[in-house]
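Notebook open, coffee poured. I went through this model one spot at a time and wrote down what I looked up.

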Amino acid sequence: MRWSQAFLPVLKESPSDAQIVSHKLMLRAGLVRQTAAGIYAWLPLGWRVLQKIEQIVREEQDRAGAIEMLMPTLQSAELWRTSGRYDAYGPEMLRIKDRHEREILYGPTNEEMITAIFAGDARSYRDLPRTLYHIQWKFRDEVRPRFGVMRGREFLMKDAYSFDLDEGAARLSYYTQMLAYLRTFQRMGIKAVPMKAASGPIGGDLSHEFIVLAPTGESEVFYDSAYDGFDWHQNDLRYGDEAGLKGLFDQVNSTYAATDETHDEARWAEVAEDRRRTGRGIEVGHIFYFGTKYSDAMGLKVSGKDGSPVVPHMGSYGVGVSRLIGAIIEASHDETGIVWPEAVAPWKVGIVTMRADDEASAGAADRLYEHLRMAGVEVLYDDRDERGGVKLGSMDLIGLPWQVIVGPRGIAAGTVELKNRRSGEREEISLESALARLTA
Ligand code: ATP
Ligand code: MG
């Protein structure tokens, strides 16, 4: 993409209505614009990142055996009356009437709907186990929407729902999602620690939140630094390996991590002092096992192996897809702007011409741009007729992992500057080696 033809509105000043760094940077770097309280339009840059995050979530869900579908945002009040949650949910639920005075609502979550759909077609134990998911917009009329997309009213969530024959099998589905979550967040370049959680209005007795550490997080957290060393991609744990997955769960449960809601001073005191870490954190995911709560309520029943009726055990598993963008920025930025982990960066490379009016360097930059594009590298080319310093500032602000800086003096000597955004390291190298490095 050529910047001169893009819609990438960056702001010089920090907008005054934003309180935390990720919100400020999302506005300044032109990722989002608020269209109503807690409701955001995703500008091209933000949309690219949102899709990257969504795709990682999708791939890891698929790998874990979950099956994607799509449910609507609008739901009928009837469905929610069946479970009793229409009245229980409170003012966070956006309730609407259609032209026939029928009550509908903008879904804050989907347990009722998925259970009703599954109940309509699942017949026997052969239809289990299944985990179904979708990535869909939710609406919760939060009292105090704030921090930009971090606590919005409309937000994008991945929500998965598991159906199993009994509690043992349901626990295995839960452990499977736990591993999928650990892998998902690690792939995004952030550390999310699983913490035992109170299960709240969804109900049930087994629940973990996944918390990204950041000073602006809403909850206080306490965890064992052993989590810093875990690598969920390198370990050879496989989906389907029941003993291994149970082992993972036991490891998580025996390695202390809790938010202020579930913090246990006695267990905390047992953690070696030099391994105690405290701070604040952002909830980016939440998983629950809740037994037959919704299957009972929604009339889900299948015939078991011996023909007798079985009520499936369920769990639900949420990832805050849009909140993750804020959380990633909170965890990865510096004083000049965003520092995207490569896996979620809107583009991998940014090319900057220091003097767009200098024919030799503009020509070299044009060729580099075309070569990278042809090689399938995601590249943003700042070919605007602006001062070099302004362009470098914008490039730092939007945080692409690599910058190629093309200036008249370098080009005369056949070189460009390759800059790593995270380390700040700069190298003078030939155009050919820049190309080779970026396409490797
Ligand atoms: P919170 O405690 O932050 O209000 P929650 O516990 O009500 O969240 P869940 O029902 O667990 O949320 O939803 C699953 C995930 O959806 C959360 O872990 C979070 O990442 C995301 N999420 C929830 N509410 C919002 C919101 N208002 N804006 C953006 N993301 C949200
Ligand atoms: Mg939660």
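F222 and W268 were my starting point, and I find both of them buried. This is a predicted model, so everything I jot down here is computed from predicted coordinates.

**Aromatic pairs**

I ran the ring search next, and the count comes to 15 aromatic pairs. I opened Y181 and F185 to begin with: their rings are edge-to-face, 5.9 Å centre to centre, with 90° between the planes. Both residues belong to helix α6 (residues 167–187) and sit four residues apart, about one turn of the helix. Buried or exposed, I wondered about Y181? Y181 is buried, because its relative accessible area is 1% and the cut-off is under 20%. F185 also comes out at 1% relative accessibility and counts as buried.

Back to F222 and W268, now as a pair: I get edge-to-face again, 5.7 Å centre to centre and 75° between the planes. I checked where the two rings come from, and the pair links distant parts of the chain. F222 is in strand β11 (residues 219–224), W268 is in helix α8 (residues 265–270), and the two positions lie 46 residues apart in the numbering sense of being 46 residues apart.

I also noted one aromatic cluster, formed by Y174, Y175, F249 and Y317.

**Charges over rings**

I looked for arginines parked on rings and wrote down two cases. R95 has its charged end over the ring of Y86, 4.6 Å from the ring centre. R384 does this with W3, where the charged end sits over the ring at 4.1 Å from its centre.

**Ligand 1**

Which residues come nearest to ligand 1? Of the 14 residues around it, I list E142, R151, G152, E283 and R323 as the nearest. I then pulled some polar distances. An N or O atom in the side chain of E142 is 2.7 Å from a nitrogen atom of the ligand. R151 puts a polar side-chain atom 2.8 Å from a ligand oxygen. The side chain of E283 has an N or O atom 2.7 Å from an oxygen atom of ligand 1. For the area, ligand 1 taken alone exposes 580 Å², and the protein buries 84% of that.

**Magnesium**

E283 turned up again when I moved to ligand 2, the magnesium ion: E283 (OE) and H286 (ND1) coordinate it, at 2.1 to 2.2 Å. I compared the accessibility class of each. E283 is partly exposed, because its relative accessibility is 27%. H286, at 14% relative accessibility, counts as buried.

**Helix α12**

What encloses helix α12 (residues 388–398), I asked? I get eight of its eleven residues buried, so the helix is largely enclosed by the rest of the structure. The buried set is G388, K391, L392, S394, M395, D396, L397 and I398. Right after α12 comes G399, and I noted its positive phi, near 75°.

**M195**

Last entry. I located M195 in strand β9 (residues 192–196). M195 is buried, with a relative accessible area of 0%. I also took a C-alpha distance from M195 to S207, twelve residues apart along the chain, and got 8.5 Å.

Conventions:
Residues numbered from 1 in each chain as written. Chains lettered and ligands numbered in written order. Predicted model: local features only at pLDDT ≥ 70, side-chain atom pairs only at ≥ 80, totals over all residues. Heavy atoms only, no water. Donors = N, O, S within 2.8 Å, 3.2 Å for Na, K, Ca; no water. Buried < 20%, exposed > 50% of the residue type's maximum accessible area, 1.4 Å probe, protein only. Phe/Tyr/Trp six-rings, centres within 6.5 Å; stacked < 30°, edge-to-face > 60°. Lys NZ or Arg CZ within 6 Å of the ring centre and 35° of its normal. Near = heavy atom within 4 Å. Polar contact = N/O pair within 3.5 Å; in protein donor to acceptor, adjacent residues only side chain to side chain. Areas by Shrake-Rupley, 256 points an atom, 1.4 Å probe, with all protein chains shown as cover.
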